[in-house]
Amino acid sequence: MKNKFIYSLIAAFTMMFSLTGCEDKEEIIFDHEYPQFETRTDAILLEVIMPSSTSVDDVIYIAGAFNGGEEVAKGNPMWQLEKAQGNDVKWGIYLNPSDFVEGTTLADGFYFVNKEQGVERTLFNEDVVRTDNPAVGTRTNITVDRWKSYFDKPQNPDEIVHDGYVIYVIDNTGYDELAMYAWGDAEAFGGWPGMLPTGKVEIEGKTYKYFDTTEANAGLNLNLIFNNNGAGQQLGDYNITLDRDYYLELTADGVVEMGEEDMIEHDGHAVFVVNKTGWTDEELHLYMWGDVNDLNGAWPGVAATGSITINNVNYLYFDMGEANTGLNENLIFNNNNGTQLSDFAYTIDHDVYLELTTVVTEIDPETYVPGGSTPTPEPEPDVPTTVKHKIYIEDLTGWSAFAIYAWGDSEPFGGWPGVTSEGLSTYVRGGHTFLVYEVDATETVRNFIFNDTAGTQFDGPAIVIDRDYYFSVTSSSYSELNPAEFAKSARIYVDDQTGWSSLYLYAWGEKEYFGGWPGAAPSGTETIDGVTYKYWDHTGEGEDENLIFNNGNGTQLGDFNIKLYGDIYLTITPDGCSAK
């Protein structure tokens, strides 16, 4: 009796705990476990949670007996899964049994295939065949544990002992399986379709499949045929002599041998230089300023990242850093001992190749000849080009909007009301501020109408657009201006905060605008709104120039690029030049 009483107490406490201790706890549900797709009355919905290695750009298919298998499913949008909106983990697919192979259901077995990462695998690298057979109008949740690529980890190249010479390939064929067959001096790797890769290895950040060719085949002349393991697709023959290792890139279009430059993993874009300065490679440094000053460290900057041979020419290279892509910088090459070359303006959105002598010259690595002239390329065939002219409008109308319409044999500014002033560039010259309209040249008269896009308009000039025109336009009339009357009135105004005892302006680009180095002293001074400016008169018509302010005695600022037209206002300090 006593034992029964004790057991009853234990049962009672257990029930009380289960009723009270758990009543406030809620089941934890993660975001990706919530439904992401609406069910449909005419289809089976499968919602699939993908492995974390799955990219949002991956292409994933469902395959099985019901749709003809993997080879049929791949490339057919009907069997491709869709990634959920706003959820990178869950994907879905709607299946209509009427599309299935006759007499089959999902219960006959199905699985998922990632075009980039292979077929799905279990956590223990086992085959997966699913036999769920949900009904139409329902939702079924499925989890994929791994893709095949998870288990295909590249080996450490330092730990591999190869047998003979090695064929390394970057495989971009898209084949599900890759094999290599060889013919020539011998069927070196067996009968068709040849051998499968010996393994995978990562070198300089790139993943290669590799084929060991064995010591016995050394010296053979062979024709390699890469194929999809005998399943009907192959690349053209690629001839080699097995007297060294080969690094190849395979695409659906063929085989290309990779040069040393293809094998180096750069950090972002790179600056490649041929050093003919007379400085040693160790002395050569690169300093950078621009959008970010001291981008690669304070003066004198950094030594080269490394060296490389391209088309039998030795280059030093400086990696720019992936994070710096898009920056506008000025490169100053120097010998880390007081001697430097002129600035070279560079936008970090491409690789650039330079020859360094007493100047910096951009070169083409495909045609560059050290110590000689670059071969003259074949002249391009003449291609008819459309000549354009500019219409400069001084808008004195006071209208809230301004537009130009023109008619004749064509409408050069488009249909009514023509081109508005919104977004147009402006041109300042001799006290006039012009809107700049660019338009195709014409051989016959065009009749202009100036308007406010809202009903106010008047007739403008009737002209042949065979040159640039300057017009001053009021709310009811217009007059043509002669640019020669104010051609010499444009100035570069400079707020000089350098503290130098003398100031010169040198310009290079389309021409040395202010003469040879160190350029010209100011034309005079003028006080505007309480600021005393030094100024240089100019007659520029839009030339692309690089300004270098200097003290005529060895101290200078970096290049400042401008379009030389109109009045220009600048501020200079010991740190550089900026537009006001």
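Is arginine 121 buried or exposed? Let's start there, hi everyone, and then walk through some salt bridges together. Please keep in mind that this is a predicted model.

So, to the opening question. Arginine 121 has a relative accessibility of 14%, and because the cut-off for buried is under 20%, arginine 121 counts as buried. You can find this residue in strand β6, which covers residues 118-121.

Now look at what the side chain of arginine 121 is doing. One partner is a backbone atom: the side chain reaches the backbone oxygen of asparagine 125, at 2.5 Å. Another partner is a side chain, that of aspartate 127, with a polar contact at 2.2 Å. That pairing of arginine 121 and aspartate 127 is also a salt bridge, again 2.2 Å from N to O.

What about aspartate 127, is that residue buried or exposed? Aspartate 127 has a relative accessible area of 61%, so it is exposed. In this salt bridge, then, arginine 121 is buried, whereas aspartate 127 is exposed.

If you click around arginine 121 and skip its neighbours within four places in sequence, you will meet several contacts, including Asp145, Arg146, Trp147 and Phe151. Glu126 and Val128 are on that list too.

Let's zoom out. How many salt bridges are there? The count comes to 18. I'll show you two more of them.

The next one joins lysine 90 and glutamate 47, with the closest N and O atoms 3.2 Å apart. This pair links distant parts of the chain: lysine 90 sits in strand β4 (residues 90-95), glutamate 47 sits in strand β1 (residues 44-49), and the two are 43 residues apart. Here both lysine 90 and glutamate 47 are buried.

My last example is lysine 563 with aspartate 544, where the closest N and O atoms are 3.6 Å apart. Lysine 563 belongs to strand β39 (residues 560-564) and aspartate 544 to strand β38 (residues 543-550), so this salt bridge ties together parts that lie 19 residues apart in sequence. As for accessibility, lysine 563 is at 47% and counts as partly exposed. Aspartate 544, with a relative accessible area of 27%, is partly exposed as well.

One more thing before we stop. Which residues are joined into one network by salt bridges that share partners? They are Glu47, Lys90 and Arg139. You have already met Glu47 and Lys90 as a salt-bridge pair, so try finding Arg139 in the structure yourselves. Thanks for listening!

Key:
Residues are numbered from 1 along each chain as its sequence is written. This is a predicted model: local features need pLDDT of at least 70, side-chain atom pairs count only at pLDDT 80 or more; totals for chains, interfaces and linings use all residues. Side-chain values use heavy atoms; hydrogens and water are left out. Helices (H or I, at least four residues) and strands (E, at least two) are DSSP runs, numbered from the N terminus. A polar contact is a pair of N or O atoms within 3.5 Å; within protein, one must be able to donate a hydrogen and the other to accept it, and residues adjacent in sequence count only if both atoms are side-chain atoms. Contact means heavy atoms within 4.5 Å. A salt bridge is a side-chain nitrogen of Lys or Arg within 4 Å of a carboxyl oxygen of Asp or Glu. Buried means under 20% relative accessible area, exposed over 50%, partly exposed in between (1.4 Å probe, protein chains only).
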